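Colleague: I'd like a close look at one part of this model, the strand pairing and what packs around it. Please start from one bridge and work outwards.

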Amino acid sequence: MLRTARQAASAAADELPLDTVLIGDCVAQMNALPAGSVDLIFADPPYNLQLEQPLTRPDQSRVDAVDDDWDKFESFAHYDRFTRSWLTAARRLLKPDGALWVIGSYHNIFRVGAALQDLEFWLLNDIVWRKANPMPNFRGTRFTNAHETLIWASKSQKSRVTFNYEALKAGNDDTQMRSDWLFPICTGAERLKDESDEKLHPTQKPEALLYRILTATTRPGDVVLDPFFGTGTTGAVARRLGRRFIGVERDSGYAAAALRRVSAVRPASAEALAPVVPKRQAPRVAFGSLLEQGILMPGEVLFDARRRFAALIKADGSLSSGPHQGSIHKVGALVQGAEACNGWTFWHREREGRLAPIDELRADIRARMGLLSA
């Protein structure tokens with residue numbers, strides 16, 4: 001159930017106000033929340049663009065740029081104090097294995113990065129969001145500003161952050177996810193409009209960006225906090241993906257629009273949200289189990305991917321290749337003259353003229369034995 005801050009105020013003092021938009025100053029609101037209670041923070045702070053005059057197109061029409069009061073600061077020193085204040089509050093809220101994402105442009109991201117390191121966050125990656133449809137540089141005096149930068153940082157160097165590597169790779173056609181992401185800016189039906197059919201918020205982020213961040217670095221049920229909630233992109237995506245959210249927004253108009261938006265989101269089913277089990281966390285399966293379950297048979301021959309080596313499967317679960325005998329790992333190492341070998345990926349089984357690594361058979365046996373749901 002979605003709640004406003006006033007509805008949440010009647011809850012017990014130690015209750016975390018989940019699925020709520022807290023209206024007010026971000027630092028004050030964060031300092032009122034329990035320490036160590038949040039899994040992930042996504043922050044889209046003011047960029048301090050320092051616009052001194054209106055932007056116009058070649059036809060002299062005005063560009064709807066970011067010129068709101070909340071993006072204006074007296075000086076870099078003032079902006080730095082603001083940055084350190086909200087980052088300090090954010091750090092207190094994170095669990096020991098928590099992490100933070102912050103997005104910015106060249107106007108502010110380097111100052112934010114320095115503050116993160118000064119406050120002993122541990123920088124994990126910087127991500128380049130490359131915009132598929134950036135705004136042109138109308139004056140022709142600079143390169144078209146076609147990207148923004150995100151910093152992913154853990155609370156400390158020792159934090160064991162969530163990173164759903166296998167899921168990202170599976171969703172990227174079995175290719176490792178890179179640190180440069182291509183998405184269009186927020187347009188069309190996704191863009192919230194006011195009564196005059198103008199952009200409700202000038203820096204609304206695309207849901208695709210938050211979708212990748214949350215699927216990559218959170219799990220279902222995790223608590224995600226956004227201290228600059230705006231029109232609620234973080235909350236909308238969190239709700240769709242079965243995460244809990246806390247938003248902080250000082251503008252009541254933005255907060256009201258965000259709640260309407262998030263309330264309309266239909267969460268995905270529990271089955272659809274079930275995460276990919278990382279290989280390093282999957283239940284252990286012994287090679288001998290493949291014989292016990294009849295998936296492999298004694299007397300079958302295994303090969304390496306290039307058919308340079310062959311090994312006979314023995315009834316006790318060992319392999320024999322010429323003078324070499326032992327486990328799949330030991331024999332794989334011996335035939336190559338190597339110190340070690342992952343036999344699961346080295347040895348292959350032939351079926352209908354195709355070689356496939358025996359590692360693929362472990363998924364079959366885990367399913368047979370009900371290990372994936374254990």
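Modeller: Start at Trp122, whose bridge partner in strand E6 is Ser154. Before going further, bear in mind that this is a predicted model: local features need pLDDT of at least 70, side-chain atom pairs count only at pLDDT 80 or more, and totals for chains, interfaces and linings use all residues. Residues are numbered from 1 along each chain as its sequence is written, and side-chain values use heavy atoms, with hydrogens and water left out. Helices (H or I, at least four residues) and strands (E, at least two) are DSSP runs numbered from the N terminus, and two strands pair if DSSP finds at least two bridges between them.

That bridge belongs to an antiparallel pairing: strand E5 (residues 122–131) and E6 are joined by 8 bridges. E5 also pairs with strand E7 (residues 180–183), this time in the parallel sense, over 4 bridges. There, Lys131 stands opposite Phe183 of E7. As a reminder, in a regular strand the side chains alternate between the two faces of the sheet.

Phe183 takes us to the rings. It belongs to a cluster linked by ring pairs, together with Trp101, Trp152, Phe163, Tyr165 and Trp181. Rings of Phe, Tyr and Trp (its six-membered ring) pair if their centres lie within 6.5 Å; planes under 30 degrees apart count as stacked, over 60 as edge-to-face and the rest as tilted. The whole structure has 12 aromatic pairs by that search. Trp181 has a charged visitor too: the charged end of Arg212 sits over its ring, 5.1 Å from the centre. The cut-off for that is NZ of Lys or CZ of Arg within 6 Å of the ring centre and within 35 degrees of the ring normal.

Now look at the loop between helix H5 (165–171) and E7, where Asp173 is found. Asp173 is not a glycine, yet its phi is positive, about 55°. Asp174 lies in that loop between H5 and E7 as well, and its phi is also positive, at about 60°. For context, most residues other than glycine have a negative phi. Asp173 is exposed, with a relative accessible area of 70%, and Asp174 counts as exposed at 61%. On this scale, buried means under 20% relative accessible area, exposed over 50% and partly exposed in between (1.4 Å probe, protein chains only).

What does E6 feed into on the inside? E6 is among the elements that give two or more residues to the largest nonpolar core. That core has 33 residues, and those with the most contacts inside it are Met30, Trp86, Leu100, Val102, Leu116, Leu225 and Ile246. A nonpolar core here is a set of buried Ala, Val, Leu, Ile, Met, Phe, Trp, Tyr and Cys residues joined through side-chain atoms within 4.5 Å. The other elements giving two or more residues are helix H2 (26–31), strand E3 (38–43), helix H3 (76–93), strand E4 (94–104), helix H4 (109–118), strand E8 (223–226) and strand E9 (244–249). H3 gives the most, with 7 residues.

Leu225 is a good place to sit in that core. Leaving aside its neighbours within four places in sequence, Leu225 is in contact (heavy atoms within 4.5 Å) with Met30, Leu33, Val38, Leu40, Ile41, Phe42, Leu93 and Ile246. Apart from this core lies another, of 30 residues, among them Val21, Ile213, Leu259 and Leu273.

Follow E8 and E9 a little further. E8 and E9 run parallel, joined by 4 bridges, and Val224 has Phe245 as its bridge partner in E9. Strand E2 (residues 20–23) also runs parallel to E9, again with 4 bridges, and Leu22 stands opposite Val248 there. E9 is mostly covered, with 5 of its 6 residues buried.

Helix H7 (residues 233–240) is another mostly covered piece, with 6 of its 8 residues buried: Thr233, Thr234, Gly235, Ala236, Val237 and Ala238. Those buried residues pack against E3, helix H6 (207–217), E8, E9 and helix H8 (252–263). After H7 comes Gly242, with a positive phi near 75°.
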